[in-house]
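This note sets out a few points on the structure shown below. Please read them alongside the sequence.

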Amino acid sequence: MTIKEKVEYYKNQNFQAWLKVREQIFDELSDMQTMFCICGKLATGLHERNCRRFNEKVDKETAKKLEKEGLC
């Protein structure tokens, strides 16, 4: 399965767990970033919410965590 397929699968299986874990991962990755986002732009909260590359990384890490913990 690709990451996009896994994301859709987990969203459909248990949306509440997906949201909870995704929010945790988002905060962790946001705190780990320096002044700049992984895309090279200034890492403000607004930018991180709208940055495609950052959100793809958050989705990927969320899918990994859900798969590892077997929550879905």
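Which residue follows α4, and is its phi positive or negative?

1. The residue after α4 is G70, and its phi is positive, near 65 degrees. Helices here are DSSP runs of H or I, at least four residues, numbered from the N terminus.

2. This is a predicted model, in which local features need pLDDT of at least 70 and side-chain atom pairs count only at pLDDT 80 or more, while totals for chains, interfaces and linings use all residues. Residues are numbered from 1 along each chain as its sequence is written, and side-chain values use heavy atoms, with hydrogens and water left out.

3. α4 (52-69) contains 18 residues and spans 26 Å from its first C-alpha to its last, close to the 26 Å expected at 1.5 Å a residue (1.5 Å times one less than the number of residues).

4. Within α4, the residues F54, N55, V58, D59, T62, A63 and L66 are buried (under 20% relative accessible area, 1.4 Å probe, protein chains only). Their cover includes α1, α2 and α3 (45-50), contact meaning heavy atoms within 4.5 Å.

5. The largest nonpolar core (buried Ala, Val, Leu, Ile, Met, Phe, Trp, Tyr and Cys residues joined through side-chain atoms within 4.5 Å) has 13 residues. Those with the most contacts inside this core include Y10, W18, F54 and L66. α1 (3-13), α2 (15-32) and α4 each give two or more residues, and α2 supplies the largest share, 5 residues.

6. In α1, I3, K6, V7 and Y10 meet D59, K60, A63, L66 and E67 of α4.

Terms used
Buried means under 20% relative accessible area, exposed over 50%, partly exposed in between (1.4 Å probe, protein chains only).
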